[in-house]
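Here's a walk through a protein model, taken one piece at a time. Keep the 3D view open and turn it as you read.

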Amino acid sequence: MISFLEGELVEKAADRIVLAIGGTGYEVLVPVSTLARLPAVGRPARVHTRLQVRDDALVLYGFSTTEERGLFDMLVSVSGVGPKLGLAFLSVFTPDALRRAVATADVAALATVPGVGKKMAGRVVVDLKDRLGSGDGAATGPFSEVREALLSLGLSPQEARDAMSSLTGNGDRSVEELLREALKAVGR
């Protein structure tokens, strides 16, 4: 088991990084939240990892904290939530905001995660409610901020979900850029 990797950050992309360690480059898939916390390319970095063994590949997933890694493990234990959706949840929600959404059964908020509908969001609530404590933090991830802005502009929750389904998680884009893209998607 690989618990963490520490080395020189040699590449950052929208959903992955490459760490150089002892002459080997390790590709690690990461949520947007982790990508945003990492230093610039060429600097030392550490990510807490989870290794997934598949028939055709070994895939490393990385997180800035062990708490995020633990949440990822819980998310992928939910039927129908694979690693890609697990990363999407952690790209949209901070750990506290995710706990709060699950604790309050906020299916509408959970359904704002790209690729997650109400049925899947409900399954996440049912499967994780007893395993996650409630968090005190507000929903502060970039997608959560965009969702709140769309709702405050008068869009219905369904319109906000539709607008957000076209967004891609990119840690280099501001909330304002994401909001503009979402508004274009609904023709406003």
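Let's start at a single spot: just after helix α4, Ala105 takes a positive phi of about 55 degrees. Before going on, keep in mind that what you're looking at is a predicted model.

Now back up into α4 itself, which covers residues 95-103. Which of its residues are buried? They are Pro95, Ala97, Leu98, Arg99, Ala101 and Val102. It helps to recall how a helix is built: an α-helix has 3.6 residues a turn, so residues three or four places apart point the same way. And what do the buried residues of α4 pack against? Their partners are α2 (66-76), α3 (83-92), α5 (107-110) and α6 (118-128).

Time to zoom out. The protein chain has nine helices and five strands. Reading from the N terminus, the elements go β-β-β-α-β-β-α-α-α-α-α-α-α-α. Of the chain's 188 residues, 42% count as buried. If you take the contacts between residues at least 6 apart in sequence, 55% of them join residues at least 24 apart. As for the outside, the accessible surface comes to about 9200 Å², and 50% of that belongs to carbon and sulfur atoms.

Next, the strands. What do the five strands close into? They make a barrel, in the order β1-β2-β3-β5-β4, and the pairing is mixed. Neighbouring strands of this sheet are turned against each other by 55 degrees on average, if you ignore direction.

You can follow the pairing strand by strand. Begin with β1 (residues 4-12), which is joined to β2 (residues 16-21) by four bridges, with the two running antiparallel. Here Glu11 stands opposite Val18 in β2. β1 also pairs with β4 (residues 44-53), again in the antiparallel sense, this time over five bridges. In that pairing, Leu5 has Val47 of β4 as its bridge partner.

From β4, move on to β5. Six bridges join these two strands, which run antiparallel, and together they form a hairpin with four residues between them. One bridge to look for links Arg50 to Tyr61 in β5. While you're tracing these strands, remember that in a regular strand the side chains alternate between the two faces of the sheet.

Before leaving the strands, look for Arg46. It lies over the face of Phe4, at 3.9 Å from the ring centre.

How do the helices meet the sheet? Helix α2 lies across β4 and β5, running at about 15 degrees to β4. Helix α3 lies across β3 (24-29), β4 and β5, and runs at about 10 degrees to β5.

That brings us to the aromatic rings. How many aromatic pairs does the structure hold? There are two. A pair of aromatic rings is described by the distance of the centres and the angle of the planes. Tyr61 and Phe72 form a tilted pair, 5.3 Å centre to centre and with 35 degrees between the planes. Tyr61 sits in strand β5 (residues 58-63) and Phe72 in helix α2, so this pair ties together parts that are eleven residues apart in sequence. Phe63 and Phe72 form a tilted pair too, at 4.9 Å centre to centre and 45 degrees between the planes. Put the pairs side by side and you get a cluster of Tyr61, Phe63 and Phe72.

Are these rings buried or exposed? Tyr61 counts as buried, at 5% relative accessibility. Phe72 is buried as well, with a relative accessible area of 3%, and Phe63 is buried at 0%. The cut-off behind that word is a relative accessible area under 20%.

For a contrast, finish at Glu159 in helix α8 (residues 157-164). Its relative accessible area is 33%, so Glu159 is partly exposed. Look from there to Ala182, which is 23 residues apart from Glu159 along the chain. The C-alpha atoms of Glu159 and Ala182 are separated by 9.9 Å.

Notes. Residues numbered from 1 in each chain as written. Predicted model: local features only at pLDDT ≥ 70, side-chain atom pairs only at ≥ 80, totals over all residues. Heavy atoms only, no water. Buried < 20%, exposed > 50% of the residue type's maximum accessible area, 1.4 Å probe, protein only. Contact = heavy atoms within 4.5 Å. Phe/Tyr/Trp six-rings, centres within 6.5 Å; stacked < 30°, edge-to-face > 60°. Lys NZ or Arg CZ within 6 Å of the ring centre and 35° of its normal. Areas by Shrake-Rupley, 256 points an atom, 1.4 Å probe, with all protein chains shown as cover. Pairing = 2+ DSSP bridges. Axes fitted to C-alpha atoms, helices over the stretch in contact; angles between N-to-C directions.
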